[in-house]
There are 4 protein chains.
Amino acid sequence: MPKVGAEPIRKAALINATIETVGRTGSLDVTVAQIAREAGMSPALAHHYFGSKGDIFLAAMRHILSRYGDGVRAALVAADGSGGRLRGIVDESLAGGNFDLAAMSAWLNFYALAPTDPQAARLLRVYHRRLRSNLIHALRPLVADAAAEADRLAALIDGAYLRAVLDPDMPPDRARALVMDEVRRITG
Amino acid sequence: MPKVGAEPIRKAALINATIETVGRTGSLDVTVAQIAREAGMSPALAHHYFGSKGDIFLAAMRHILSRYGDGVRAALVAADGSGGRLRGIVDESLAGGNFDLAAMSAWLNFYALAPTDPQAARLLRVYHRRLRSNLIHALRPLVADAAAEADRLAALIDGAYLRAVLDPDMPPDRARALVMDEVRRITG
Amino acid sequence: MPKVGAEPIRKAALINATIETVGRTGSLDVTVAQIAREAGMSPALAHHYFGSKGDIFLAAMRHILSRYGDGVRAALVAADGSGGRLRGIVDESLAGGNFDLAAMSAWLNFYALAPTDPQAARLLRVYHRRLRSNLIHALRPLVADAAAEADRLAALIDGAYLRAVLDPDMPPDRARALVMDEVRRITG
Amino acid sequence: MPKVGAEPIRKAALINATIETVGRTGSLDVTVAQIAREAGMSPALAHHYFGSKGDIFLAAMRHILSRYGDGVRAALVAADGSGGRLRGIVDESLAGGNFDLAAMSAWLNFYALAPTDPQAARLLRVYHRRLRSNLIHALRPLVADAAAEADRLAALIDGAYLRAVLDPDMPPDRARALVMDEVRRITG
DNA sequence: AATGAATGAGGATTCATTCAT
DNA sequence: GATGAATGAATCCTCATTCAT
């Protein structure tokens with residue numbers, strides 16, 4: 001009997017190892033060997049499951065993105081009213097989990113990758129669209145030009161995240177509070 | 001007596017070549033050889049004038065940062081009133097020059113570098129502090145809590161820039177307009 | 001399952017290749033590429049098995065030293081009486097094998113390395129101590145101040161070796177005879 | 001009027017700088033730039049006066065050798081009787097000046113160079129011959145086979161020097177004492 | 001499925017040396 | 001005489017990737 005189901009397990013292990021390793025070193029300059037060691041397997045096997053280093057990274061990014069997407073979806077389901085939905089999106093976008101070194105590095109390097117790498121760009125676009133659509137949906141009952149307000153709020157979220165990540169003077173809590181003030185202004 | 005005075009010329013050429021090369025490839029993964037070729041000299045000479053690859057990058061970033069700083073300063077001098085100063089800062093921060101691939105890549109990769117590289121972090125901090133202080137100064141006559149408003153505006157600027165850079169659906173003009181709406185709201 | 005057990009073979013091949021290459025060129029200024037080529041493998045593999053060029057050299061030196069140590073030990077076991085032991089040590093120290101260009105260059109360059117490289121110094125010290133202790137052991141039944149006589153004899157051995165290596169007018173045989181005269185004087 | 005006599009001054013400065021630099025770093029791996037800086041001139045000028053790096057080294061070695069030769073000559077002139085001449089030679093050969101890191105490194109690296117570099121070999125041979133002839137001259141009135149005794153004593157001197165240089169357990173004074181004991185045995 | 005073995009293709013950096021002034 | 005400028009040629013080392021087993 002062949003060992004069944006090894007593939008998804010191995011892939012998941014590699015994805016986690018990638019995030020973990022990138023996080024620990026704070027840089028995308030990690031080697032396949034490092035990732036594989038962290039995942040407890042040989043570099044050759046990593047290449048066997050993913051075709052290349054780039055594919056490993058992409059899978060890891062997709063994982064982070066979908067984890068974020070799940071969080072937002074859950075927050076929206078649990079939310080109470082338009083204001084609640086807005087706050088849920090913001091909360092999730094600036095939640096603690098996005099600020100560990102692993103996620104931070106992943107995001108920043110992902111940004112840096114996007115102008116060059118079409119697959120990264122596509123992934124990022126999906127994220128942008130979904131956030132925008134969620135925001136519009138939540139804002140429509142509250143403001144006249146929901147689309148414009150959504151863009152502004154989305155930019156504010158990203159900017160606040162950036163600051164929280166890069167600026168030691170701006171801890172994540174202040175970043176979230178800063179956006180929440182704006183949300184409060186909108187929800188009245 | 002030897003030919004003299006080449007140093008500043010060569011250094012400037014290398015800085016420009018760095019920005020140009022990073023811009024063209026859209027990635028920090030450029031080799032010293034590429035930069036040197038672009039600057040029309042040998043890799044050895046690049047190492048002669050700057051000590052290392054990292055120093056070349058740092059000098060390039062410093063150049064971009066100081067170019068931006070000069071722009072802001074000029075805009076502030078020319079500005080008329082608090083509202084004018086605000087609009088000047090926003091205009092300069094989201095000016096066309098910041099959106100060529102070279103500047104974009106430099107900024108994004110600089111962000112990605114900052115969590116790891118202390119010198120990059122220091123440089124970025126200088127930028128953040130200066131922007132914040134400029135915004136506070138311009139906002140003080142207009143709002144009660146200038147500091148909080150400055151943080152929010154700074155985040156909005158960075159977020160809008162990020163969107164304009166990363167999202168094809170958000171051209172620089174829309175990004176600027178988006179921030180200007182907020183400025184208008186503040187200035188009343 | 002992969003091909004297995006290459007490591008010791010490769011390491012041995014690299015050590016031999018190092019000695020051979022250093023010997024052929026008569027200088028420590030050999031490149032990893034040269035050594036690897038001599039050993040029939042890529043430079044990358046050499047770095048894979050030993051961490052660095054320095055480690056390759058050290059392993060080669062250790063090999064030479066242990067080869068010499070084995071020779072001395074065998075000579076001591078086979079020796080008959082104190083005088084025999086003395087003659088055995090001298091014979092082994094000035095045996096033909098120490099005079100091929102490879103061993104010579106290794107020794108000389110090792111000497112030159114020792115004041116700078118702590119690991120080389122440590123290795124050399126081991127050799128010195130062992131030789132001294134062997135000599136003292138063999139001399140104790142024969143002379144009053146065995147320690148002093150051992151130091152003198154050790155110096156004489158090293159000096160004779162040096163002459164034999166450096167001076168075309170002093171072939172190894174004469175060098176050995178020169179020391180043996182002294183041994184004969186001691187053993188009476 | 002041209003500046004006269006610059007050449008010998010510059011050359012001497014470079015030779016001293018070479019010895020000094022080799023001594024400070026304890027290795028022959030010094031760059032022409034380091035030597036030139038130590039001598040207070042540009043690397044280009046060093047090449048102007050000596051044709052190549054090798055020539056600089058050779059000149060430095062020649063300097064050390066002739067300095068040693070002068071010392072021996074002076075000691076012989078001042079010496080009283082055959083025994084005094086012998087002691088003078090030994091004293092000079094193991095004098096303090098030969099044990100500073102500069103001279104040590106020079107000697108050791110010179111040894112290492114000799115099997116490869118014909119010029120170094122020639123120089124070394126001169127030294128060997130002169131020492132041997134001096135020793136024979138001093139020994140002839142004292143022993144039957146002066147030539148054999150001279151070779152043994154020369155080897156002992158070199159071996160003692162080597163030990164003193166390489167072995168922290170053998171300070172220069174003990175090395176000299178060790179040889180002097182032998183001298184005393186000969187002079188009776 | 002899994003891995004040790006192996007390498008080709010760079011990449012940063014160093015340095016002796018040359019040259020124009 | 002003197003030097004800053006400039007470079008070609010190496011050198012060590014790294015790493016993604018392939019392959020035989």
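1. In this predicted model, helix α8 (residues 146-166) of chain A packs against helix α8 (residues 146-166) of chain B, with their axes 6 Å apart and at an angle of about 105 degrees. The two helices, α8(A) and α8(B), are therefore roughly perpendicular to each other, since angles from 65 to 115 degrees are counted in that class. On the chain A side, the residues that meet α8(B) are Arg152(A), Ala154(A), Ala155(A), Leu156(A), Asp158(A), Gly159(A), Ala160(A), Leu162(A) and Arg163(A). On the chain B side, the residues of α8(B) that take part are Arg152(B), Ala154(B), Ala155(B), Leu156(B), Asp158(B), Gly159(B), Ala160(B), Leu162(B) and Arg163(B).

2. A second crossing between chains involves helix α9 (residues 172-187) of chain C and helix α8 (residues 146-166) of chain D, whose axes come within 10 Å and cross at roughly 95 degrees. That angle makes α9(C) roughly perpendicular to α8(D). The contact is formed by Arg174(C), Leu178(C), Asp181(C) and Glu182(C) from α9(C), which face Asp151(D), Arg152(D) and Ala155(D) from α8(D).

3. As for the chain pairs without contact, chain A and chain C do not touch, and their nearest C-alpha atoms are 11 Å apart. Chain B and chain C likewise do not touch, and for this pair the nearest C-alpha atoms are 21 Å apart.

4. Turning to the make-up of chain A, the reader will find nine helices and zero strands, so that the order of elements from the N terminus is simply α-α-α-α-α-α-α-α-α. Along the principal axes, the C-alpha atoms of chain A fill a box of roughly 60 × 40 × 30 Å. Of the 188 residues in chain A, 51% are buried, and among the contacts in this chain with a separation of 6 or more, 62% are between residues 24 or more positions apart.

5. The accessible surface of chain A comes to about 8600 Å², and carbon and sulfur atoms account for 55% of that area. Chain A carries 23 positive and 20 negative charges, and the mean positions of these two sets are 5 Å apart.

6. Asp91(A) is placed in helix α5 (residues 81-93) of chain A, and with a relative accessibility of 36% this residue counts as partly exposed, because the class covers values between 20% and 50%. Apart from its neighbours within four places in sequence, Asp91(A) is in contact with Arg176(A) and Met180(A). The C-alpha atom of Asp91(A) is also separated by 9.4 Å from that of Val179(A), although the two residues are 88 residues apart along the chain.

7. In chain B, Gly84(B) has its place in helix α5 (residues 81-93), and at 12% relative accessibility Gly84(B) counts as buried. Gly84(B) and Val179(B) lie 95 residues apart in sequence, and their C-alpha atoms are 14 Å apart in space.

8. Asn109(C) lies in helix α6 (residues 101-113) of chain C, and its relative accessible area of 9% makes this residue buried, because the cut-off for that class is under 20%. Not counting residues up to four places away in sequence, Asn109(C) touches Gly26(C), Ser27(C) and Leu28(C) in its own chain, and also Ala112(D) across in chain D.

9. Within chain D, the axes of helix α1 (residues 6-25) and helix α6 (residues 101-113) come within 7 Å and cross at roughly 90 degrees. This crossing makes α1(D) roughly perpendicular to α6(D). The residues that make the contact are Ile19(D), Val22(D), Gly23(D) and Arg24(D) on α1(D), together with Leu101(D), Ala102(D), Ser105(D) and Ala106(D) on α6(D).

10. Tyr127(D) belongs to helix α7 (residues 118-139) of chain D, where at 9% relative accessibility the residue counts as buried. If neighbours within four places in sequence are left aside, Tyr127(D) is in contact with Leu65(D), Tyr68(D), Trp107(D) and Asp158(D) of chain D, and with Arg163(C) of chain C. The C-alpha atoms of Tyr127(D) and Met104(D), which are 23 residues apart along the chain, are separated by 16 Å.

Terms used. Residues are numbered from 1 along each chain as its sequence is written. Chains are lettered from A and ligands numbered from 1 in the order in which they are written. This is a predicted model: local features need pLDDT of at least 70, side-chain atom pairs count only at pLDDT 80 or more; totals for chains, interfaces and linings use all residues. Side-chain values use heavy atoms; hydrogens and water are left out. Helices (H or I, at least four residues) and strands (E, at least two) are DSSP runs, numbered from the N terminus. Buried means under 20% relative accessible area, exposed over 50%, partly exposed in between (1.4 Å probe, protein chains only). Contact means heavy atoms within 4.5 Å. Accessible areas come from the Shrake-Rupley method with a 1.4 Å probe; for residues, only the protein chains shown count as cover. Lys and Arg count as positive and Asp and Glu as negative; His and the chain ends are not counted. The place of a charge is taken as NZ of Lys, CZ of Arg, CG of Asp or CD of Glu. Axes are lines fitted to C-alpha atoms, for helices over the stretch in contact, and angles run from 0 to 180 degrees between N-to-C directions. Angles under 35 degrees count as roughly parallel, over 145 as roughly antiparallel, 65 to 115 as roughly perpendicular and the rest as oblique.
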